[in-house]
Structure formats: C-alpha cells, structure tokens
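Here's a small set of exercises to work through with the viewer open. Try each task yourself before you read its solution.

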Amino acid sequence: MGNGTSIGKVRGLGSAHEGAHHWWHQRLTAGANLILTLWFVLSIALLPAYDFETARHWIAQTQVAVPLILLVLTTFYHFRLGLQVVIEDYQHDETHIVLMVLLNFFTLAAGTTAIFSILKIAFTAGAAL
C-alpha cells in the first residue's frame, strides 16, 4: 500500500509530519486573494476619476486601506508559499537554502514596502504633499 504507520495515514501526516498545513494555506490565501482582488477591481472601476488625488483620497479611507493591506498580506504570503514549492521541487543542491532565504527576504521587503506605502497615504491624506 504505502509507507508510514497506520496512524500517520489516518492523520494525513507525511514524512515531514506537517500534514496538509502548507496545502491548506495555499488554498485559503487563494480564496482570500480572489475575494479581495474582485473587491479591488470593482472599487477601482467605480472611482469617479483615475487621477492621483482621487486615488490618494480613496486609499485614505479606512474601509479601503484595511482591505488593501489584507490584499497585500495575502498576496505576498501566497506568492511565498508558491515559490517555496517550486524551489523545493526543482532545486536539490545547496543553493536551495540560499534561494529560500532570498525568497523570504524579498517577500518581507516587498510586502513591508507596500504596506508602509498604504499606511503613509492613509495617515497623511489631509497633509499637503
């Protein structure tokens, strides 16, 4: 039949003893990304104009800034999960660790920059640029 103990098969745990944790995170972030991206596209489409000031005032609203930050978080986490699988599946030498570290640093840096940008616009909307 297969390798592993009977209790391991019942619990769904593989040799890494992590089960379907990674798989569930990918599915949950994909669902969240779908909902948040639909909200984002519809919200952009309903803007009265597409100039800088309109976008700045739109992002400054709490009901817009919070979902935007959630979109950034779920998108970058989903990105990291997906590329982690690609690296684990196709990179088998010592560069595997280096690529994982670079992936984590890049994801953290890009996500932090995006969130900082949203927060900066949200908190300084009334101030002159």
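## Exercise 1: the core side of a helix

In helix α4, the buried residues are V64, A65, P67, L68, I69, L71, V72, T74, L81, Q84 and I87. Here buried means under 20% relative accessible area, exposed over 50%, and partly exposed in between (1.4 Å probe, protein chains only). Helices (H or I, at least four residues) and strands (E, at least two) are DSSP runs, numbered from the N terminus. Before going on, some housekeeping: this is a predicted model, where local features need pLDDT of at least 70 and side-chain atom pairs count only at pLDDT 80 or more, while totals for chains, interfaces and linings use all residues. Residues are numbered from 1 along each chain as its sequence is written, and side-chain values use heavy atoms, with hydrogens and water left out.

**Task.** Find what covers the buried residues of α4, then check the span of α4 against its number of residues.

**Solution.**
1. The cover includes α2 (21-45), α3 (52-59) and α5.
2. For the span, take 1.5 Å times one less than the number of residues.
3. With 29 residues, α4 should span 42 Å, and its end C-alpha atoms are indeed 42 Å apart, so the two agree.
4. For contrast with the buried set, try V66, also in α4: V66 has a relative accessible area of 44%, so it's partly exposed.
5. V66 and A122 are 56 residues apart in sequence, yet their C-alpha atoms are 9.6 Å apart in space.

## Exercise 2: a residue facing its neighbours

**Task.** Is N33 buried or exposed, and which residues does N33 touch?

**Solution.**
1. Locate N33 in helix α2.
2. Its relative accessibility is 12%, so N33 counts as buried.
3. Leaving out residues up to four places away in sequence, N33 touches L71, T74, T75 and H78. Contact means heavy atoms within 4.5 Å.
4. Two of these names should ring a bell: L71 and T74 are in the buried set of α4.

## Exercise 3: one charged pair

**Task.** Which side chains meet in a salt bridge, and how does accessibility look for E53 and for R56?

**Solution.**
1. The structure holds 1 salt bridge, meaning a side-chain nitrogen of Lys or Arg within 4 Å of a carboxyl oxygen of Asp or Glu.
2. The partners are E53 and R56, at 3.0 Å from N to O.
3. Both sit in helix α3, 3 residues apart, or about one turn of the helix.
4. E53 has a relative accessible area of 35%, so it's partly exposed; R56 is at 10%, so it counts as buried.

## Exercise 4: the nonpolar patch

**Task.** Which residues make the nonpolar surface patch, and which helix gives the largest share?

**Solution.**
1. Patches take residues with over 30% relative accessible area and no salt bridge, joining like charges within 9 Å and nonpolar side chains (Val, Leu, Ile, Met, Phe, Trp, Tyr) within 5 Å.
2. F79, L83, V86, Y90 and F106 make a patch of about 500 Å². Accessible areas come from the Shrake-Rupley method with a 1.4 Å probe; for residues, only the protein chains shown count as cover.
3. Helix α4 (residues 62-90) gives the largest share, 4 residues.
4. F106 belongs to helix α5 (residues 95-123) and is partly exposed, at 48% relative accessible area.
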